[in-house]
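Student: Could you walk me through one part of this protein up close? I'd like to hear about the aromatic rings and what sits around them.

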Amino acid sequence: MSIKSNNTFSRRAFMRTSSLAGGGMLIGFNLFNSCKPEVKLEPAVDLAQLDFKDFNAFIKIAESGEVTIFSPNPEIGQGVKTSMPMIIAEELDVAWKDVYVQQGILDTKNYQRQVAGGSQSIRFGWDALRQTGASAKQMLVNAAAARWGVDASECTVSEGMITNAAGVSLGYGEIVNEAALLEVPEGVTLKESKDYKIIGTNIQNVDIDKITTGKPLYGLDYKVAGMVYASVLRPPAFGQKLMSYDATEAQTMPGVIDIIKIGEKVQNLFEEDPSFASKISSSDKVVVIAETTWQAMKAKNAITAEWENDIFMESTENHDQMLNGFLDATQFDTRRKDGDVKKAFADADMVLERTYESPFLPHNCMEPMNFFADVTDEKVHLVGPIQTPAWKAGLVAKLLGRAEDEILMEMTRMGGGFGRRLYGDFVLEAAEISDAIRKPVKVVYSREDDMAVGVYRPAIKYRIKASVKEGQLTGYHLKEAAINDNMYGLIPNFFPAGAVENYQVDTKSYKSNITTGAWRAPYTNFLAYAEQSFFDELAEAMDVDKVQLRLDLLKKVDAAADERIEYSPERMIEVIETAVEKSGWGTKPKGVYQGFVNYYCHNTHVAQVADVEIENGKPVVKKVTCVVDCGIVVNPLGALNQIEGGVIDGIGHSMYGDFGFDAGIPTANNYDRYRLIRMKEAPKVEVHMINNELSPTGLGEPTLPPAGGAVANALKAATGKRIYQQPFMKNPELLEVPEESIIG
């Protein structure tokens, strides 16, 4: 039985867009073919020489049968440039070997939600992408049926071949010219999951050849004739503004073309939207324009600038005092309130209260921030790595006083994003510089620029308080104190919401001049550790099984009766039970210490078990068993990469990531002072996916938040000590192993 779609899409959504049909060379490849001497590489297909016909803004088909599929969303390593075309190709029913993938440009008329953020690309694109492929397939079938004089319902399709009841076949390329002239059908039939040939199979990253051989792909690779480079001198401390500068020496250095000051246009944006000031400095900046990046950076370092303290110069010590004061206060913004937590605490047999602390964190993208801009009287051409192209194109239009249709935004692959490339301060800098010099220019950050003038994960503290009466959890109160912003509105409805009769979530924030924003899995990246550590300690205080406590609470949740509940208790129970089974929870030999967590975020349910062993007297994370329910898995190979990467990233930052400020100056500006997890420290990650036919949800973020909690709970089992502050290595005494454990 097929799945009949009830969704309808306007003709505009399938507009034939010739502007997307740019030529170029895309190469078919197989990973590691070069290691197999007997394998002969197929010759490259020159797409520019093929006569393509547009079926919609996503699909072009040539008479030779080659199919080009445009991937509309930004690619930051989450795999959507591979998985989104897979969805289209599945419903188009074409062989993957005949598919070539190109990155789409910003096109708000034909594409929906061209954003890389929140692990939502596949979730939001699932239905529309399937419709896109199925509609094009139906147009091809209708054209073939018309040529044969048969009913389209009599025809079948497999891998780009249409066959009628008499057994006569036509390839897509043979019928493409006639099909491209037809109207787009509505109410097309979508495949059942049992009939998938591409979805659910391991597909290699479509850019893997370029990535592994160093071909141009990223923003840093982009260049055009006549392009110059810009390096920007920004305030050395948050809260400072530029007073004056001396660029006499810099002007005489090799390759230097010009030195200018920018800032006025961005400051005008603040007047329209003051909240934008939390994402970019309002100070003037000095810009060196040079023939090469290195020349620009060297000259920037030769500039002498005077900076004035504009407002209070904040330090980590000030933040700690402020956030602690917020937690002790009584005035909060209440995000959810069920029952009466105060009464539950007053009536309790036992009350447990704990406070958890996290630092600021930079994003540490492998590719530093960069962007290209070419401002002319006719248009504004922008190219580079950006997670929010539409937002940035709109801001550039406001910045320069241009019409939005004059902005042409192209996206390159990104060498990491993690939220840093949501905000695009570097895009505005590039646009303002190009507008001033009227040349094509690329702004390039150094690693020190990237870390010291970032948009950081905010420092946050959580205080969790729970009450127990007659062996039952009766009250749960979560307080959040954060820098600049508080948790987004869905989080208070995550577990354990609905599981505790008296439940309350309160938040309060301190408005800081330090720029903060989303960092991979915002808020939950730390909250998961805090809550799951707390549940472990609560189970110990109640003298109950740690896993069973969670299961018992989930069984109390009636999600059907409370529409606010975001998670599925049934799906959460399944990932928990699977993790217990697959990890060997509670059955490991002596010397293996385990920590358990379960968590829901970004629409995905996850359970993890960390295994810690003692080596040379120190606890070492050896393995993490991770069970994930994200619905249908489009590309298992890509999913595995996201899951493993999220777990390792979560462990690394929980263990080592530390960052702060002293009088507005960051405490680190490169990796000599900022510690990341090392390859030898990465544990084995064993992944298990729950198999179901539910629509897919996110994978870029959900496995990171629980990882820190799993490790913290395993470290408690190994050392007997609870950790309440990240990074764990900040208090090495808590990682010391009791002597008997060392002997054992």
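Tutor: Sure, let's start with a charge and a ring. The charged end of K508 sits over the ring of F326, 5.1 Å from the ring's centre. K392 does something similar: its charged end sits over the ring of W391, at 3.3 Å from the centre. Keep in mind that this is a predicted model.

Now for rings that meet other rings. There are 25 aromatic pairs in the structure. One of them is Y462 with F526: the ring centres are 5.6 Å apart and the planes make an angle of 25°, so this pair is stacked. The cut-off behind that word is that planes under 30 degrees apart count as stacked. Look at where the two residues come from, too. Y462 belongs to strand 23 (residues 460-469), while F526 belongs to helix 13 (residues 524-542), so the pair ties together parts that are 64 residues apart in sequence. Are these two buried or exposed? Y462 is buried, because its relative accessible area is 0%, and F526 counts as buried too, at 1% relative accessibility. Buried here means under 20%.

Next, compare that with F494 and Y600. Their rings also form an aromatic pair, but this one is edge-to-face, with 5.0 Å from centre to centre and 85° between the planes. F494 sits in the loop between strand 24 (472-483) and strand 25 (502-510), and Y600 sits in strand 26 (residues 592-601), so here the pair ties together parts that are 106 residues apart in sequence. Both F494 and Y600 are buried.

That pair has company. F494 and Y600 are members of one aromatic cluster, together with Y476, F495, Y503, F534, F535 and Y567.

If you want a change from rings, turn to a little sheet elsewhere in the chain. Three strands make up an open sheet in the order 8-9-10, with antiparallel pairing. Its edges are strand 8 (156-158) and strand 10 (169-171), each pairing on one side only. From one strand to the next, the twist averages 25°. Strand 8 is joined to strand 9 (residues 161-163) by three bridges, and S158 has M161 in strand 9 as its bridge partner. Helices lie against these strands as well. Helix 2 (residues 121-148) lies across strand 8, strand 9 and strand 10, at about 45° to strand 9. Helix 3 (residues 172-179) packs on the sheet too, touching strand 8, strand 9 and strand 10, and its direction makes about 75° with that of strand 10.

How values were computed:
Residues numbered from 1 in each chain as written. Predicted model: local features only at pLDDT ≥ 70, side-chain atom pairs only at ≥ 80, totals over all residues. Heavy atoms only, no water. Pairing = 2+ DSSP bridges. Helix = DSSP H or I, 4+ residues; strand = E, 2+ residues; numbered from the N terminus. Axes fitted to C-alpha atoms, helices over the stretch in contact; angles between N-to-C directions. Contact = heavy atoms within 4.5 Å. Phe/Tyr/Trp six-rings, centres within 6.5 Å; stacked < 30°, edge-to-face > 60°. Buried < 20%, exposed > 50% of the residue type's maximum accessible area, 1.4 Å probe, protein only. Lys NZ or Arg CZ within 6 Å of the ring centre and 35° of its normal.
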